[in-house]
Amino acid sequence: LRHLAPNCSSRQHFKTVALDSSRASVDGGIFVAEGAQFTNAKQLINNLMLSDEARVDSKPRLMIHADDVKCAHGATTGKLDPAQQFYLESRGLPPSQARSPCPALSHGL
């Protein structure tokens, strides 16, 4: 994403779910040109790992060449939270389907 003029704004939010031996990669970049003052840009990469064999590579990047901007970036990687798993199981899903990237597909819906 390239900000080339002043007063620009952007929001990037990438979400990845990895299961079994799947692989995913996100290489995000925001470029703020020298003349793009007052740019407001955010980038976030969230990864959910549903198995120990899965792999996700994340690379959030900001390249800022202006001095009056508000920019942020970050990345998170984690497993399914026990509270989230409990919620899905309390709604009738077996544990294996609760860990599925799309529980509705596990039911054949």
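Two strands count as paired if DSSP finds at least two bridges between them. Keep that in mind for this predicted model.

**Exercise 1. Work out the order of the strands in the open sheet, and find its edges.**

Start with the bridges. β2 and β4 are joined by 10 bridges and run parallel. Next, take β4, residues 40-49: 10 bridges join this strand to β6, again in parallel. Both counts satisfy the cut-off of at least two bridges. Put together, the 3 strands give an open sheet with the order β2-β4-β6 and parallel pairing. That leaves β2 (9-18) and β6 (70-79) as the edge strands, each pairing on one side only. As for the angle, neighbouring strands here are turned by 5° against each other on average, ignoring direction.

**Exercise 2. Find the residues that stand opposite His13, Lys42 and Gln43.**

Go across the sheet from β2. Histidine 13 stands opposite leucine 44 in β4. Now step from β4 to β6: lysine 42 faces alanine 72 there, and glutamine 43 is set opposite histidine 73.

**Exercise 3. Sort the residues of β4 into a covered and an uncovered face.**

Walk along the strand and split the residues into two sets. The covered face holds Ala41, Gln43, Ile45, Asn47 and Met49. On the uncovered face you get Asn40, Lys42, Leu44, Asn46 and Leu48. So which of the two faces does Leu44, the partner of histidine 13, belong to? Leu44 is on the uncovered one.

**Exercise 4. List the largest nonpolar core, then look at what surrounds Ala66.**

The largest nonpolar core has 5 residues: Ile30, Val32, Ala36, Ala41 and Ala66. One of them, Ala41, also sits on the covered face of β4. For Ala66, set aside the neighbours within four places in sequence; the contacts are then Val32, Ala33, Glu34, Ala36 and Gln37. Val32 and Ala36 appear in the core list too.

**Exercise 5. Track down the non-glycine residues with positive phi, at Asn7 and Phe38.**

Asparagine 7 has a phi of about 60° and is in the loop between β1 (2-3) and β2. Is Asn7 buried or exposed? With a relative accessible area of 60%, asparagine 7 is exposed. Phenylalanine 38 has a phi near 65°, and its place is the loop between β3 (23-32) and β4.

**Exercise 6. Check the aromatic rings for partners.**

First, look for ring pairs: searching the whole structure turns up 0 aromatic pairs. Then try charges over rings. Arginine 2 lies over the face of phenylalanine 31, 4.4 Å from the ring centre.

Technical notes
Residues numbered from 1 in each chain as written. Predicted model: local features only at pLDDT ≥ 70, side-chain atom pairs only at ≥ 80, totals over all residues. Heavy atoms only, no water. Core = buried A, V, L, I, M, F, W, Y, C linked by side-chain atoms within 4.5 Å. Buried < 20%, exposed > 50% of the residue type's maximum accessible area, 1.4 Å probe, protein only. Contact = heavy atoms within 4.5 Å. Helix = DSSP H or I, 4+ residues; strand = E, 2+ residues; numbered from the N terminus. Axes fitted to C-alpha atoms, helices over the stretch in contact; angles between N-to-C directions. Phe/Tyr/Trp six-rings, centres within 6.5 Å; stacked < 30°, edge-to-face > 60°. Lys NZ or Arg CZ within 6 Å of the ring centre and 35° of its normal.
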